[in-house]
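Here is an informal walk through one protein model, meant to be read with the structure open beside it. Have a look at the fold and follow along.

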Amino acid sequence: MKTPKKLIDRFGRTVDYLRISITDRCDFRCVYCMAEDMTFLPRHQILSLEEIFILAKTFVELGVKKIRITGGEPLIRKGALDLLMQIGALEGLHELVLTTNGSQLITAAPILKAANVKRLNISLDTLDAAKFKELTRTGDLQTVLNGIDVAKKVGFERIKLNAVILKNRNHNEVCDLVQFAIDKEIDISFIEEMPLGVVEKHNRAEAYYSSDEIRADLENRFALKKSTDNTGGPSDYFSIPNTKTRVGFISPHSHNFCSTCNRVRLTVEGRLLLCLGNEHSIDLKAILRSSDMNSKNLKQAIIESMEIKPEKHEFNVNEQPIILRYMNMTGG
Ligand code: SAM
Ligand code: SF4
């Protein structure tokens, strides 16, 4: 039997977007993402860079057109830039993109450009240095801002800021963040917090601030115009007349985007996760490391996994998380 060139799930959705978490480690400890004293995985439990490359190549052969590299903080893994170079050169891949906290961009941005990375998502939740420290626990705002400037100079197709908005922590900054994006001529997306992993000293139900509330706040200052742009991600986009900036809203709670879901995630441990909000997965690391590993078996397992991709996710901020894995394992 000939291997199909496309991954299609049982609801008829074509999967052509793979997100890969290449490390669970990070130089920040954002309050909504990690516990303060995180334990990270031992090396043998995480995929090697060679294994990640084999999987990326296999997915591209199965019709994946877009790959996002994320983490943890992807740019702190040794060898990450070489891996990006290799993946960026894969024939058939249309877009290699990266999500980063921006801490390494001052030196990494030019290499990312050379690696064929088309778009960058840079996380930035606040423009206040003290608040930045409070939210990331270890990060330095100025380093990230300088990194953004270097990335701008290097010239990517698109740079987008990602901001997780928490009530009573940074919700009063949404307009300033958009103004910052306008001044820099880049995009910005606001993300509703998702209940992934148990984080202490942070109450998710209390911190919940919906995309609709953010939009209402922004409309006091900016004229948002619904845009039909689709970047292949879950954002709903708005443009602001006379600016180059688009404002996106990623609303896993308030606006379910599952019907158009085109993506799967590869965790740092080599689990292929079929949905961010469910545990349905297959163990690709076990296949890669088995004695009868060959490209045919690997492809067959990936094709068959489409049968267990769930129809949709359910998140509830008022309950203890049913999903115990952290965002850094999964790749946000
Ligand atoms: N370290 C990189 C960064 O921060 O951009 C990449 C990995 S991080 C897990 C990817 C994105 O997930 C970030 O924009 C982060 O703000 C977001 N994120 C982390 N935990 C989240 C949560 N519980 N709910 C919603 N977004 C979250
Ligand atoms: Fe690190 Fe990104 Fe998680 Fe913040 S959101 S702790 S930067 S992985």
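Phe190, Phe238 and Phe249 are joined into a cluster by ring pairs. Keep in mind that this is a predicted model, and that the values below are computed from it. Within the cluster, Phe238 and Phe249 make an edge-to-face pair, with 5.6 Å between the ring centres and 80 degrees between the planes. Phe238 sits in strand S10 (residues 236-239) and Phe249 in strand S11 (residues 246-250), so this pair ties together parts that lie eleven residues apart in sequence. Are these two rings' residues buried or exposed? Phe238 has a relative accessibility of 6%, so it counts as buried. Phe249 comes out at 3% relative accessible area and is buried too.

How many aromatic pairs does the structure hold? There are three. One of them involves Phe28 and Phe132: the ring centres are 5.9 Å apart and the planes stand at 90 degrees, so this pair is edge-to-face. This pair brings together distant parts of the chain, with Phe28 in the loop between strand S3 (17-21) and H1, Phe132 in helix H4 (residues 129-136), and 104 residues separating them. Both Phe28 and Phe132 are buried.

Phe28 turns up again around ligand 2. The residues around that ligand are Cys26, Phe28, Arg29, Cys30, Cys33, Met34, Gly72 and Asn101. Sorted by class, this shell has five nonpolar residues, two polar ones and one charged one.

Gly72 also leads us over to ligand 1. This ligand is surrounded by 19 residues, and the closest are Tyr32, Gly72, Thr100, Ser123 and Met194. The shell divides into six nonpolar, nine polar and four charged residues. Three polar contacts of ligand 1 are worth pulling up on screen, and the table sets them out.

| Ligand 1 atom | Protein partner | Distance |
|---|---|---|
| Nitrogen | Gly72, polar backbone atom | 3.0 Å |
| Nitrogen | Glu73, side-chain N or O atom | 3.3 Å |
| Oxygen | Thr100, polar backbone atom | 3.1 Å |

How much of ligand 1 does the protein bury? On its own the ligand exposes 540 Å², and the protein buries 96% of that. Strand S5 (95-100) and strand S7 (158-164) are the elements that give two or more residues to the shell around ligand 1.

Now for helix H1. H1 covers residues 49-61, which makes 13 residues, and from first C-alpha to last it reaches 18 Å, close to the 18 Å expected at 1.5 Å a residue. Its buried residues are Leu49, Glu51, Ile52, Phe53, Leu55, Ala56, Thr58, Phe59 and Val60. As background, an α-helix has 3.6 residues a turn, so residues three or four places apart point the same way.

One charged name in that list deserves a closer look. Glu51 lies in helix H1, and its relative accessible area is 13%; the cut-off for buried is under 20%, so Glu51 counts as buried. What lies 2.8 Å from a polar atom of the Glu51 side chain? The partner is the backbone nitrogen of Ser48. At the other end, just after H1, Gly63 takes a positive phi of about 100 degrees.

Positive phi values also show up in residues other than glycine. Arg137 has a phi near 65 degrees. Arg137 lies in the loop between H4 and H5, and with 18% relative accessibility it counts as buried. Glu185 is another such case, with phi near 60 degrees. Glu185 is found in the loop between helix H6 (174-184) and strand S8 (187-191). Is Glu185 buried or partly exposed? Glu185 is partly exposed, at 44% relative accessible area.

One last stop is Val154, in helix H5 (residues 141-154). Val154 has a relative accessible area of 25% and is partly exposed. Which residue has its C-alpha 6.0 Å from that of Val154, although 44 residues separate the two along the chain? That residue is Pro110.

How values were computed: Residues are numbered from 1 along each chain as its sequence is written. Chains are lettered from A and ligands numbered from 1 in the order in which they are written. This is a predicted model: local features need pLDDT of at least 70, side-chain atom pairs count only at pLDDT 80 or more; totals for chains, interfaces and linings use all residues. Side-chain values use heavy atoms; hydrogens and water are left out. A residue is near a molecule or strand if one of its heavy atoms lies within 4 Å of it. A polar contact is a pair of N or O atoms within 3.5 Å; within protein, one must be able to donate a hydrogen and the other to accept it, and residues adjacent in sequence count only if both atoms are side-chain atoms. Accessible areas come from the Shrake-Rupley method with a 1.4 Å probe; for residues, only the protein chains shown count as cover. Helices (H or I, at least four residues) and strands (E, at least two) are DSSP runs, numbered from the N terminus. Ala, Val, Leu, Ile, Met, Phe, Trp, Tyr, Cys and Pro count as nonpolar, Asp, Glu, Lys and Arg as charged, and the others, Gly among them, as polar. The expected span of a helix is 1.5 Å times one less than its number of residues. Buried means under 20% relative accessible area, exposed over 50%, partly exposed in between (1.4 Å probe, protein chains only). Rings of Phe, Tyr and Trp (its six-membered ring) pair if their centres lie within 6.5 Å; planes under 30 degrees apart count as stacked, over 60 as edge-to-face and the rest as tilted.
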